[in-house]
Amino acid sequence: MKRLATIGDNCVDIYPHLGKAFSGGNAVNVAVYSTRYGMAPGCVTWVGEDEYGRMLLNDLARMGVNTSHVHVKCGVTAQTQVEMKGNDRVLGDYTEGVMANFTLDEQDFAWLDGYDIIHSAIWGHADSAFPRLHAAGKLTAFDFADKWDSPLWQTLPPHLDFAFASAQQEDDTLRERMQAIVAHGAGIAIVTLGENGSIAWDGGQFYRQAAACVDVIDTMGAGDSFIAGFLCAMACGWSLTVAMEQGTLSAARTIQYHGAW
């Protein structure tokens, strides 16, 4: 199995109505979810010198993530206020904290050389590292979320093997966008569609996967867990169809409890 590392954003998701806080953030979530499939992942990120930073570090270590490059910086850990509307999570105020100045140093790059698949997301301040990582032969994955107007769509696809995004539903506009992403250089474009499943384009054909039917408690982390399941399947050399199936089952597992993991 190829080895996976994630870089970029973390945050603590605070649920005031529950009186609880959960460790999260795309890079953190994808790393943790990958351990469901026997992965021993690593994560490069920054946390603050506060209680939430200590919580995040402890949680990652407890879940089997290599934290040797989770750097503790002077300041506060990123935080997101979360409200629930029915079973859907609504993200409120966000404090970026030390992650506002996140960057990779040469020691981080050297450490990442021991991994085969590198993933990050649009909030992670790590996009500038992907040309170098891709040129070094890494399989690269990036989550654009629902930010279809991001200028990164113009620069990143040639440096990505897997370009992830999210949308509400499949239509002509979405299919044309996915085709353009691959034509611009990305290996495969994958879009999660919530209750409408997911769709992928590999430059030759579209692949579709229906959502799993489960009782939804909290949608927090659904997309991140899909990505983890998908990438772990690809790390094993499995087909795109199987990767989409595994991503879907991983997301279905996640949405049946509060918090990302």
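**Close-ups of a predicted model**

**View 1. β9 pairs with β10.** In this predicted model, strand β9 (residues 139-143) and strand β10 (residues 162-166) run parallel, held in register by 3 bridges. Look for F142 here: across from it, in β10, sits A163. Strand β9 is mostly tucked away, with 4 of its 5 residues buried.

**View 2. β8 pairs with β9.** Now for the pairing of β9 with strand β8 (residues 117-121): these two are parallel as well, joined by 5 bridges. F142 turns up again, this time with S120 of β8 opposite. To get the connection, follow the chain through helix α4 (residues 130-135): β8, α4 and β9 form a β-α-β unit, and it's right-handed.

**View 3. β4 and β5, with a helix along the way.** Strand β4 (residues 42-48) lines up parallel to strand β5 (residues 70-73), with 4 bridges between them. One pair to pick out is V47 and, facing it in β5, V72. The chain gets from β4 to β5 by way of helix α2 (residues 51-62), in a right-handed β-α-β crossover.

**View 4. S198 and its contacts.** S198 belongs to strand β12 (residues 198-201). Is this serine buried or exposed? Its relative accessibility is just 3%, so S198 counts as buried; the cut-off for that label is under 20%. Setting aside neighbours within four places in sequence, S198 is in contact with V191, T192 and L193, with Y207, R208 and Q209, and with F226, M244 and T248.

Notes
Residues are numbered from 1 along each chain as its sequence is written. This is a predicted model: local features need pLDDT of at least 70, side-chain atom pairs count only at pLDDT 80 or more; totals for chains, interfaces and linings use all residues. Side-chain values use heavy atoms; hydrogens and water are left out. Buried means under 20% relative accessible area, exposed over 50%, partly exposed in between (1.4 Å probe, protein chains only). Two strands pair if DSSP finds at least two bridges between them. A crossover is right-handed if, with the strands pointing away from the viewer, the path from the first strand over the helix to the second runs clockwise. Contact means heavy atoms within 4.5 Å.
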